[in-house]
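Trainee: Could you take one spot in this model and walk me through it closely, then work outward from there? I'd like a connected story rather than a list.

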Amino acid sequence: MGYSDQRFDVNLSILFTELPLLERPAAAAAAGFTAVELWWPWIETPTPAQAELDALKKALDDAGTRLVGLNFYAGALPGPDRGALSVPGEESDRFRANIEVAADFAASVGCKALNALYGNRVEGADPQVQDALALENLVLAARAADRVGAILLIEALNKPESPLYPLVSAPSAIEVVDKVNAATGLGNAKFLLDIYHLSMNGEDVSQVIEAYADKTGHVQIADNPGRGAPGTGSLPLEALLDQLAKAGYDGWVGLEYKAADAAASFEWLPAEARAAR
């Protein structure tokens, strides 16, 4: 067991961000990785020009990197927003406009996981109205994901850094996963288990893994405190990933940590363990 037995991918929306988007896949490949993931790269638009989508596909293909995770449009992320799908009005409309665009792009690059960030609570909006809108939009997203053979991911964030985001515990995210699956009958909504966020919320990550490994569709890691590379904080990341593997999780583990120098930050992972298997 250990890090060498995991399937890692690099999140190009948090690592290698000193480079233009289209140069990041090659940078990840140069560091030895063959799998990557992204937040929605076009913060300002849910419907970028086809030429922009084609250019990103070409950059991924040229680098020999596979996109294994993609966020739907999520507003200004990084920034103040944490998704758009539960935000009434224009943002919800933008999310809906993005659903088929994101699903089609995922299909074009063989990406099998689409992450739908729930969105913040909005002052003056009834939380029940927001939750009803969220379910409506998540059902549409789940169907689009299913159409391209992908899963829909629901992520719990952490309250200290995302105080307006309502899903700040594993059970709160699992509740939404279950509601979406009940509404669609497709069973393709899954939990995005982000060890850093759960740790920031004070949850017992080991217990979360025990309870929800079977509903987990994707995993992300960063150490805590600091959201740095494994070994920069105090989380037993290697042991937790071993526990996930023993519980039957064999999916991707996204490296979603901060590093001033991304290429130098991978020393914790042997070079021969970086290429996807």
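Mentor: Let's start with Phe-33, which counts as buried because its relative accessibility is 1%, where anything under 20% gets that label. Keep in mind that this is a predicted model. Phe-33 sits in the loop between α1 and β2. If you skip residues up to four places away in sequence, Phe-33 touches Phe-8, Val-10, Ala-28, Thr-65, Leu-255, Phe-266, Leu-269 and Arg-274. Now go eleven residues along the sequence, to Glu-44: the C-alpha atoms of Phe-33 and Glu-44 are 29 Å apart.

Then there are the rings. Phe-33 belongs to a cluster, linked by ring pairs, with Phe-16, Tyr-257 and Phe-266. The model has nine aromatic pairs in total by the rule used here. If you want to characterise such pairs yourself, the distance of the centres and the angle of the planes are what describe them.

Phe-16, from that same cluster, deserves a stop of its own. Its phi is positive, about 65°, even though Phe-16 is not a glycine. You'll find it in the loop between β1 and α1 (24-30), and it counts as buried because its relative accessibility is 4%.

Back to the contacts of Phe-33: two of them, Val-10 and Leu-255, are also bridge partners, with Leu-255 belonging to β8. That takes us to strand β1 (7-11), where four of the five residues are buried. On one side, β1 runs parallel to β8, joined by four bridges. β1 also pairs with strand β2 (residues 35-38), again in the parallel sense, over two bridges; there Asn-11 has Glu-37 of β2 as its bridge partner. One more thing links this region to a ring: the charged end of Arg-7 sits over the ring of Trp-252, 4.1 Å from its centre.

Zoom out and those pairings are part of a closed barrel of eight strands, in the order β1-β2-β3-β4-β5-β6-β7-β8, with parallel pairing. From one strand to the next, the twist averages 30°. Further round, strand β3 (residues 66-71) and strand β4 (residues 113-115) run parallel and are joined by two bridges, with Leu-70 standing opposite Leu-114 in β4. As for the record, an unreviewed UniProt entry annotates residues 26-269 as "domain: Xylose isomerase-like TIM barrel". That span is 41% helix and 14% strand, and its end C-alpha atoms lie 19 Å apart.

Now the helices. In α8 (residues 237-246), Leu-237, Leu-240, Leu-241, Asp-242 and Leu-244 are buried. The usual geometry helps in reading that pattern: an α-helix has 3.6 residues a turn, so residues three or four places apart point the same way. The cover over the buried residues of α8 includes our β1 along with β6 (189-194), α6 (195-200), α7 (205-212), β7 (216-221) and β8 (252-255). After α8 comes Gly-248, with a positive phi near 105°.

Just ahead of that helix, the loop between β7 and α8 has a couple of backbone details to check. Pro-225 is found in this loop, and the peptide bond joining Asn-224 to Pro-225 is cis, with omega about 5°. Arg-227 lies in the loop between β7 and α8 as well. Its phi is positive, near 55°, in a residue other than glycine, and Arg-227 counts as buried because its relative accessible area is 11%, under the 20% cut-off.

There's another cis bond to look at, between Leu-77 and Pro-78, where omega is about 5°. Pro-78 lies in the loop between β3 and α3. Follow the chain into helix α3 (residues 90-109) and you meet Ser-92. With 3% relative accessibility, Ser-92 is buried too. Setting aside its neighbours within four places in sequence, Ser-92 makes contact with Ala-84, Leu-85, Val-87, Leu-133 and Asn-137.

So, to tie it back to where we began: Phe-33 is buried at 1% relative accessibility, has contacts including Val-10 and Leu-255, and shares a ring cluster with Phe-16, Tyr-257 and Phe-266.

How values were computed. Residues are numbered from 1 along each chain as its sequence is written. This is a predicted model: local features need pLDDT of at least 70, side-chain atom pairs count only at pLDDT 80 or more; totals for chains, interfaces and linings use all residues. Side-chain values use heavy atoms; hydrogens and water are left out. UniProt positions are given in the numbering used here, feature names are shortened, and annotations may be inferred rather than shown by experiment. Rings of Phe, Tyr and Trp (its six-membered ring) pair if their centres lie within 6.5 Å; planes under 30 degrees apart count as stacked, over 60 as edge-to-face and the rest as tilted. A charge sits over a ring if NZ of Lys or CZ of Arg is within 6 Å of the ring centre and within 35 degrees of the ring normal. Buried means under 20% relative accessible area, exposed over 50%, partly exposed in between (1.4 Å probe, protein chains only). Contact means heavy atoms within 4.5 Å. Two strands pair if DSSP finds at least two bridges between them. Axes are lines fitted to C-alpha atoms, for helices over the stretch in contact, and angles run from 0 to 180 degrees between N-to-C directions.
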